[in-house]
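I pulled this one up to go through its helices and a few residues in them. My notes follow, in the order I looked things up.

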Amino acid sequence: MSSISLAMTHRAQTFAILGRIAPLIFLLGLVLLFAALQPRFLMPLNLFNILRQVSIYGIIAVGMTFVILARGIDLSVGSIVAMAGLVAAVVAKGGVEGRFLPSADGSGFAWPCAAIAAIAAGTLAGYLQGLAVARLSVPAFVVTLGGMTVFRGVALTIGNGGPISGFDEAFGWWGRGMIGPVPVPVIIFLVVALLAHFVLTQTRFGRAVYAVGSNPDAARLSGINTARVTTAVYAVIGFCSGLGGFVLASRLNSAEAVAGSGYELTAIAAVVIGGTSLQGGTGSIFGTVIGALLTGVLLNGLVILNVSPYVQQILVGLIIVAAVAFDSFVKRQSR
């Protein structure tokens with residue numbers, strides 16, 4: 001191999017490594033910047049607050065990673081979170097004014113039933129959308145945009161337009177409880193992330209997700225059932241959204257139809273900032289975790305510095321665009 005070829009190979013490897021570690025470097029830089037501007041940023045209470053805030057949309061971002069790796073997108077996750085939270089609330093309370101699950105003594109159902117119902121509702125919603133994308137060949141953007149409206153409407157119907165609140169301590173522990181110094185939602189997020197990492201890296205399904213995202217035609221010719229994989233990744237994000245809805249309702253001690261608004265964009269931002277390509281086939285759960293932490297640190301730091309909420313949205317949007325542009329640049333240089 002000539003010296004020119006060796007230099008080009010070395011350059012490509014350098015950019016490939018840079019692309020993988022850039023989100024982590026950016027995260028550390030943000031932490032140092034906010035700590036220098038506002039010392040109370042590094043107080044343990046604030047750091048745990050960041051982790052608690054990150055955990056719910058982080059769970060959803062884990063599911064979004066599967067979808068984006070397979071070249072898809074899901075705009076309905078915020079609505080599914082609201083719907084799943086209300087399903088959990090209805091089950092936990094034993095019905096809404098006796099309309100759904102009448103309970104003679106008003107004691108409702110235990111939290112396991114509420115959690116299972118919320119996750120099942122979310123998984124079913126994701127599965128149905130996956131069927132529409134895979135079997136009917138309807139673009140994912142259109143299916144999930146419609147799903148965003150449909151599931152929000154279902155949430156409004158379940159709650160009759162109002163919130164359902166006042167759960168027992170066992171239900172609330174999943175959103176507000178602590179195990180030692182660590183909030184329970186943070187532990188749930190980490191467990192979900194570890195399981196997802198295992199699935200993507202150690203199972204045949206995980207390899208199929210990467211293959212479908214890299215080249216759907218080649219994956220089909222190699223014997224992978226691409227329709228089944230596509231349906232499954234939407235079921236996965238439905239599962240994560242249902243779990244997120246249950247944890248959110250538990251944390252707020254209330255479930256309502258407006259919950260989860262904007263979560264779809266926050267989750268997509270975490271995935272993209274973490275290095276997962278919108279063109280599919282490239283990315284990791286580790287990157288998504290870093291992306292979620294980075295988004296949480298950025299939003300928290302801006303709040304502590306009293307930056308206007310409108311400016312916060314502008315900055316987050318600019319960072320998403322910069323992350324995608326950087327990803328494209330690194331890919332060109334690493335070829």
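**Loop after α10**

I started at N253, which sits in the loop between α10 and β4 (254-255). Helices here are DSSP runs of H or I with at least four residues, strands are runs of E with at least two, and both are numbered from the N terminus. I noted that this is a predicted model, where local features need pLDDT of at least 70, side-chain atom pairs count only at pLDDT 80 or more, and totals for chains, interfaces and linings use all residues. Residues are numbered from 1 along each chain as its sequence is written, and side-chain values use heavy atoms, with hydrogens and water left out.

The phi of N253 is positive, near 55 degrees, and the residue is not a glycine. I also checked its cover: N253 has a relative accessible area of 26%, so I put it down as partly exposed. My cut-offs are under 20% relative accessible area for buried, over 50% for exposed and partly exposed in between, with a 1.4 Å probe and protein chains only.

L252 belongs to helix α10. It comes out at 49% relative accessibility and therefore counts as partly exposed. Its C-alpha lies 8.2 Å from that of R176, although the two are 76 residues apart in sequence.

**Whole chain**

I counted 13 helices and 4 strands in the protein chain. Of its 335 residues, 49% are buried. The accessible surface is about 15800 Å², and carbon and sulfur atoms hold 69% of that; the areas are Shrake-Rupley values with a 1.4 Å probe, and for residues only the protein chains shown count as cover.

I then asked what share of the contacts with a separation of 6 or more comes from residues 24 or more positions apart. The figure is 78%, with contact meaning heavy atoms within 4.5 Å.

**α7 against α10**

How do helix α7 (residues 184-202) and helix α10 (residues 226-252) cross? Their axes come within 11 Å and make an angle of roughly 170 degrees. Axes are lines fitted to C-alpha atoms, for helices over the stretch in contact, and the angles run from 0 to 180 degrees between N-to-C directions. α7 and α10 are therefore roughly antiparallel. On this scale, under 35 degrees is roughly parallel, over 145 roughly antiparallel, 65 to 115 roughly perpendicular and the rest oblique.

I listed the residues that meet: P185, I188 and V192 from α7, and C240, L243 and V247 from α10. By class, that contact has 6 nonpolar, no polar and no charged residues. Nonpolar covers Ala, Val, Leu, Ile, Met, Phe, Trp, Tyr, Cys and Pro; charged covers Asp, Glu, Lys and Arg; the others, Gly among them, are polar.

The spacing made me recall a rule: an α-helix has 3.6 residues a turn, so residues three or four places apart point the same way.

**α4 against α10**

Next I looked up Y127, in helix α4 (residues 111-135). Its C-alpha is 5.7 Å from that of Y234, 107 residues along the chain. Leaving out residues up to four places away in sequence, Y127 touches T231, Y234 and A235. At 38% relative accessibility, Y127 is partly exposed.

Are T230 and T231 buried or exposed? T230 has 16% relative accessibility, so I count it as buried, and T231, at 5%, is buried too. Both residues lie in α10. With neighbours within four places set aside, T230 contacts G130, V133 and A134, while T231 contacts Y127, G130, L131 and A134.

P112 is also in α4. Its relative accessible area is 32%, so it goes down as partly exposed. The C-alpha atoms of P112 and A92 are 8.9 Å apart, with their positions 20 residues apart along the chain.

**α2 and the residue after it**

Where is the kink in helix α2 (residues 44-69) centred? It is centred on S55, with a bend of about 40 degrees; the bend is the angle between axes fitted to the seven residues ending at a residue and the seven starting there. α2 is mostly covered, as 19 of its 26 residues are buried.

R71 follows α2, in the loop that leads to α3 (77-93). Its phi is positive at about 70 degrees, although R71 is not a glycine. I have R71 as partly exposed because its relative accessible area is 45%.
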